[in-house]
Amino acid sequence: MGASSSSATGRGGRITLENDMSLDNDGVAVYFTDNAISLLSTSPSGPDAAAAGQLGTVSQATFDKITSIAYQQGIQEANRRHEKMLKNQRQYLNREKASMLDQREQWSQDLVERFKSELSADLERTSKKFPQIDLEVVCEKEQTELLDCYLANKQSTLNCEALVNGLDACVQKKTKDVKRPVVPGTTEDQR
């Protein structure tokens, strides 16, 4: 078991008990009322008591009861101090949490904005390197006519030769119309 010590202060009735086994170094303040202190420190009358060095005698039951009450008051005060400290810590942690959440939200917004601007720049740079893709169907009329001819002449598809030549000519014309991109490091003939 740990060693205990006590110290008493003058009028106010405060006695502090310290125990080295406690989790904190605050100790527990034990408060005795003035009546309890006077009861514990009264001298018995007569010269025999003074000669024997007795300051006062109190029954063990009375002493235990007074000490128990004083100790309970000390524990209540320690609990109040502890609750106040916990409340202050919770408030501090809640403020820190809110600050961290705000900072994280700001970082997220900054990251999204930076990502959008980089993506936009990359898209613009890429679109300059490559031509726009035309999604329209090339020679749609010629394709439809050729398909209809094939469906009508299932047994003799050679009858559709003129339409095949017309589709080929249309595709060749569209191919020449499309501007081919210049790839860095190549010449006009290499494209």
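Colleague: What share of the contacts in the protein chain with a separation of 6 or more comes from residues 24 or more positions apart?

Modeller: Such residues account for 34% of those contacts, a contact being heavy atoms within 4.5 Å. This is a predicted model, in which local features need pLDDT of at least 70 and side-chain atom pairs count only at pLDDT 80 or more, while totals for chains, interfaces and linings use all residues. Residues are numbered from 1 along each chain as its sequence is written, and side-chain values use heavy atoms, with hydrogens and water left out.

Colleague: Which pattern does the protein chain follow along the sequence?

Modeller: The order is β-β-β-α-α-α-α-α, with five helices and three strands. These are DSSP runs numbered from the N terminus (helices: H or I, at least four residues; strands: E, at least two).

Colleague: What makes the pair of cysteine 139 and cysteine 170 a disulfide?

Modeller: Their sulfur atoms are 1.9 Å apart, and a disulfide is a pair of cysteine sulfur atoms within 2.5 Å, so the pair qualifies. Cysteine 139 lies in the loop between α3 and α4 and cysteine 170 in helix α5, so this disulfide ties together parts that are 31 residues apart in sequence. The link is left-handed, with -95° about the S-S bond.

Colleague: How do you know that cysteine 149 and cysteine 160 form a disulfide, and why is it called left-handed?

Modeller: The sulfur atoms of cysteine 149 and cysteine 160 are 1.8 Å apart, so the pair meets the cut-off just given. The torsion about their S-S bond is about -95°, so this disulfide is left-handed. It links distant parts of the chain, eleven residues apart: cysteine 149 is in helix α4, and cysteine 160 is in the loop between α4 and α5. By this rule there are two disulfides, and with bonded cysteines counted along the chain their pattern is 1-4, 2-3.

Colleague: Why are cysteine 149 and cysteine 160 called buried?

Modeller: Buried means under 20% relative accessible area, exposed over 50%, and partly exposed in between (1.4 Å probe, protein chains only). Cysteine 149 counts as buried because its relative accessibility is 11%, and cysteine 160 because its value is 1%. Cysteine 139 and cysteine 170 are both buried as well. Of the 191 residues in the protein chain, 10% are buried.

Colleague: Which residues make up the largest nonpolar core?

Modeller: The six residues are Cys139, Leu146, Cys149, Cys160, Leu167 and Cys170. The elements giving two or more residues to this core are α4 (140–152) and α5 (161–177). Such a core is a set of buried Ala, Val, Leu, Ile, Met, Phe, Trp, Tyr and Cys residues joined through side-chain atoms within 4.5 Å. Leaving aside residues up to four places away in sequence, leucine 167 touches Cys139, Glu142, Gln143 and Leu146.

Colleague: Why is valine 171 called partly exposed?

Modeller: Its relative accessibility is 34%, so valine 171 falls between the two limits and counts as partly exposed. Valine 171 is in helix α5. Valine 171 and cysteine 139 are 32 residues apart in sequence and 6.7 Å apart in space, C-alpha to C-alpha.

Colleague: What makes leucine 123 exposed?

Modeller: Leucine 123 has a relative accessible area of 55%, which is over the 50% limit, so the residue is exposed. Its place is in helix α3 (residues 60–129).
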